[in-house]
Amino acid sequence: MNLHQAKILIVDDDKDVLTAVRFLLKMEVKTILTDTNPENIHKLITENDIDIILLDMNFKSSINTGNEGLFWLKEIKKWKPTQSVIMITAYADIDLAIKSLKEGATDFIVKPWHNEHLLNILSETFRKQVAPDSKEKTNERKTDVEIVGASESMQLLFHKLQKIAPTDANILILGENGTGKDLVARHIYQLSLRRNRPFVKVDVGSLTETLFESELFGHKKRSVYGCPRRPYRFNRSSRQGYTFSG
């Protein structure tokens, strides 16, 4: 069963978001319902056979804790435990989005999003909902990077990488030498929407403090004494791609 048979509910207090999603989905799904007030969710899912809910994390522009989104997620799960809910989160709320997965959210989307990515998430969510027996046979993108680990903590890491990689968030990878930070970086790159663009690895330890900025970003002629003008060495070659600084 494809997405054209799905009924989608979008709940967000930003009318521009509702308009954008409605415009994107109007030719992709069967029914689109929108609402700016989360208090109407119970009535909407009771009166309509909703397949997927897109739910914003924040409903007050002055308060960005994400607690409202988590509260309504829990309420939805009380009313309808099997309901698929995809959280809509801002760039800075990635940690909250990860928390929402633990609370029962099916997935999350970071705004501003790539339309292709949103459609892929909706399609995969709907596919799982209409064919739950195939839940373990997901078509998650495979990578050429082999990271081995079967422990609970490693499985949580894989899950986070799968969710964060398609976003535009800057990612800080921490770890001692030899723990595989470069493998994680390449894994993220191959799962990202930039996987067909350059991946540039920068060995920061090999750069001197005085030339660090010019090596990464270039410099104008004479700005570094005795040196001709140097173009962007790394950031230009990785423009629109992915830079890993180790």
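Leaving aside neighbours within four places in sequence, which residues is Asp107 in contact with? The views below work towards that residue and then move on to its surroundings.

**View 1. The whole chain, a predicted model, sets the scene.** The protein chain holds eight helices and seven strands. Of its 246 residues, 41% count as buried. Taking contacts between residues at least 6 apart in sequence, 59% join residues at least 24 apart. The chain exposes about 15100 Å², and carbon and sulfur atoms supply 49% of that area.

**View 2. Five strands make up an open sheet.** The order to follow is β2-β1-β3-β4-β5, with parallel pairing. At the edges sit β2 (31-35) and β5, each of which pairs on one side only. From one strand to the next, the twist averages 20°. Helix α1 (residues 15-25) lies across β1 (7-11), β2, β3 (52-56) and β5, and runs at about 180° to β2.

**View 3. Strands β4 and β5 pair in the parallel sense.** Here β4 covers residues 84-90, and five bridges link this strand to β5. If you would like one pair to look for, pick Met87, whose bridge partner in β5 is Phe108.

**View 4. Asp107 belongs to strand β5.** Is Asp107 buried or exposed? With a relative accessible area of 10%, Asp107 counts as buried because that value is under the 20% cut-off. Now for the opening question: beyond its neighbours within four places in sequence, Asp107 is in contact with Val85, Ile86, Met87, Leu101, Ile121 and Lys163. Met87 in that list is also the bridge partner of Phe108 from the previous view.

**View 5. Helix α6 has buried residues covered by several elements, including β5.** This helix spans residues 152-164, 13 residues in total, and reaches 18 Å from its first C-alpha to its last, close to the 18 Å expected at 1.5 Å a residue. Phe158, Leu161, Lys163 and Ile164 are buried in α6. An α-helix has 3.6 residues a turn, so residues three or four places apart point the same way. The cover over the buried residues of α6 includes α4 (94-102), β5 (107-111) and α7 (181-191). Lys163, a buried residue of this helix, is among the contacts of Asp107.

**View 6. Confidence varies along the chain, with pLDDT below 50 over residues 134-140.** The mean pLDDT of the protein chain is 78, and 74% of its residues reach 70 or more. Beyond near neighbours in sequence, the stretch 134-140 has nine contacts in the model. Where pLDDT is low, the predicted coordinates should not be read in detail.

Notes
Residues numbered from 1 in each chain as written. Predicted model: local features only at pLDDT ≥ 70, side-chain atom pairs only at ≥ 80, totals over all residues. Heavy atoms only, no water. Helix = DSSP H or I, 4+ residues; strand = E, 2+ residues; numbered from the N terminus. Expected span 1.5 Å × (residues − 1). Buried < 20%, exposed > 50% of the residue type's maximum accessible area, 1.4 Å probe, protein only. Contact = heavy atoms within 4.5 Å. pLDDT = per-residue confidence, 0-100. Pairing = 2+ DSSP bridges. Axes fitted to C-alpha atoms, helices over the stretch in contact; angles between N-to-C directions. Areas by Shrake-Rupley, 256 points an atom, 1.4 Å probe, with all protein chains shown as cover.
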